[in-house]
Amino acid sequence: MGRKRVGILISGRGSNMASLVDAAKQETCAYEIACVISNRPDAQGLQIAETAGIAAVALDHKALGTREALDAAIHDALLAHEAELVACAGFMRIMTSDFIAKWDGRMINIHPSLLPLFKGVNTHERALRAGVRVHGCSVHFISAELDAGAIIAQGVVKVMPGDDADTLAARVLPVEHRIYPAVLNALAEGRIGLENGRAVFSDNDAAGLSVLASG
Ligand code: GRF
C-alpha cells in the first residue's frame, strides 16, 4: 500500500511541521508530505518546507479577503497536491464549517493544552493563571467547533515553580514534536478513525499514543 499524502497547514514558525517532515523521512513512515500551505506568505515554516524540497504554497488571507475565499484556496491547493489527510500545525485561522466538513475524519490539529481546558490562544499563560499542576498538548480531529473535536492523544508535562509562559511552552513543545508524528502515522495506517464524534482505535498501541513526560 502506498503512503498517505498529507497536506500541512501552518501560519508561522513551523516546528511541528518540521517534526512531521522529519518523521516522513523514515522508510517505515506511513505518510508522505504532499504540500505545506501557509496563510501567511512570510511564515518561517514555508522556508523550512522549501529547503526540504517540499511543495510550499503561500496564500495571503488578507489579500483573499474572506474566510470562504481562503478555505477555497486551501482546498484547491490540497486537491492539486493530491492530499488525502490534513495536519494543522500552528495554523491560526478559523475555518468555515463547509471546509471542515469536506475533510471530516481526515483533518487533525495539535493544540497546546490538555483539552477541553484552555481552548483558543494564550494557553500557557492561562494554564499558569489557573494554577493547574499539569499541562500539555492534545492532538484532535478538527470539527466545526474550535478546539472541540474528538481527542486522539495527549501529552502531559508538570508545571514547575517559577514557570512562566515561555518555560512552560518550552517544556510542552518537545512533547508536541513527539506525539504529532506518531498520531499522524497511526492515522495514515488506518488505525485511528472518527465515529459519532469520538476517536476510535483499531488497537491498544493506537489508543495509547498519549505521553506522560518525565521530569
Ligand atoms: C504550537 O504550540 C502548536 O501546538 C500551536 O501553535 C504552536 C505552533 O508552533 N497550535 P510551530 O509553528 O509548530 O512551531
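This is a friendly dialogue on how to read some features of a predicted model.

Reader: I am new to this structure, and I would like to begin with the sheet. How many strands does the open sheet have, and in what order?

Author: A general idea helps here: strands of a sheet pair through backbone hydrogen bonds, either parallel or antiparallel. In this predicted model, the open sheet has eight strands in the order 3-2-1-4-5-6-7-10, and the pairing is mixed. Strand 3 (56-58) and strand 10 (211-212) are the edge strands, each pairing on one side only.

Reader: Which way do strand 1 and strand 2 run, parallel or antiparallel?

Author: Strand 1 (residues 4-10) and strand 2 (residues 31-38) run parallel, joined by seven bridges. To find one of these pairs on your screen, look for V6, whose bridge partner in strand 2 is I33.

Reader: Which strands does helix 2 touch?

Author: Helix 2 (residues 44-51) packs on the sheet and touches strand 1, strand 2 and strand 3. The direction of helix 2 makes about 150 degrees with that of strand 3. Helix 4 (residues 67-80) also packs on the sheet, where it touches strand 1, strand 2, strand 3 and strand 4 (85-88). For helix 4, the angle of about 150 degrees is with the direction of strand 2.

Reader: Let us go to the other side of the strand order. How do strand 6 and strand 7 pair, parallel or antiparallel?

Author: Strand 6 (residues 134-141) pairs with strand 7 (residues 151-158) in the antiparallel sense, over seven bridges. V139 has A153 of strand 7 as its bridge partner. In the loop between strand 6 and strand 7 you will find D147, a residue other than glycine with a positive phi, near 55 degrees. Strand 7 also pairs with strand 10, here in the parallel sense and over two bridges; V156 stands opposite L212 in strand 10.

Reader: What do strand 8 and strand 9 form?

Author: They form a hairpin with two residues between them, and N196 in the turn has a positive phi of about 50 degrees. Strand 8 (residues 192-195) and strand 9 (residues 198-201) pair in the antiparallel sense over four bridges. Among the pairs is L194 with A199 of strand 9.

Reader: Now for a helix. How far apart are the end C-alpha atoms of helix 7?

Author: The general idea first: an α-helix has 3.6 residues a turn, so residues three or four places apart point the same way. Helix 7 (residues 165-188) has 24 residues, so at 1.5 Å a residue it should span 34 Å; its end C-alpha atoms are 33 Å apart, which agrees. At the start of helix 7, a side-chain oxygen of D164 comes within 3.0 Å of the backbone nitrogen of D166. Just after helix 7, G190 takes a positive phi of about 80 degrees.

Reader: Where is P116 found, and which residue does a cis peptide bond join to it?

Author: P116 sits in the loop between strand 5 (107-111) and helix 6 (123-130). The cis peptide bond joins L115 and P116, with omega about 10 degrees.

Reader: Which residues are around the ligand?

Author: They are R13, G14, S15, N16, G90, I110, P112 and E176. A polar side-chain atom of R13 lies 2.5 Å from an oxygen atom of the ligand, while a polar side-chain atom of E176 is 2.6 Å from an oxygen atom of the ligand. I110 takes part through a polar backbone atom, 3.1 Å from a nitrogen atom of the ligand. Taken alone, the ligand exposes 360 Å², and the protein buries 86% of that.

Technical notes
Residues are numbered from 1 along each chain as its sequence is written. This is a predicted model: local features need pLDDT of at least 70, side-chain atom pairs count only at pLDDT 80 or more; totals for chains, interfaces and linings use all residues. Side-chain values use heavy atoms; hydrogens and water are left out. Two strands pair if DSSP finds at least two bridges between them. Contact means heavy atoms within 4.5 Å. Axes are lines fitted to C-alpha atoms, for helices over the stretch in contact, and angles run from 0 to 180 degrees between N-to-C directions. A residue is near a molecule or strand if one of its heavy atoms lies within 4 Å of it. A polar contact is a pair of N or O atoms within 3.5 Å; within protein, one must be able to donate a hydrogen and the other to accept it, and residues adjacent in sequence count only if both atoms are side-chain atoms. Accessible areas come from the Shrake-Rupley method with a 1.4 Å probe; for residues, only the protein chains shown count as cover. The expected span of a helix is 1.5 Å times one less than its number of residues.
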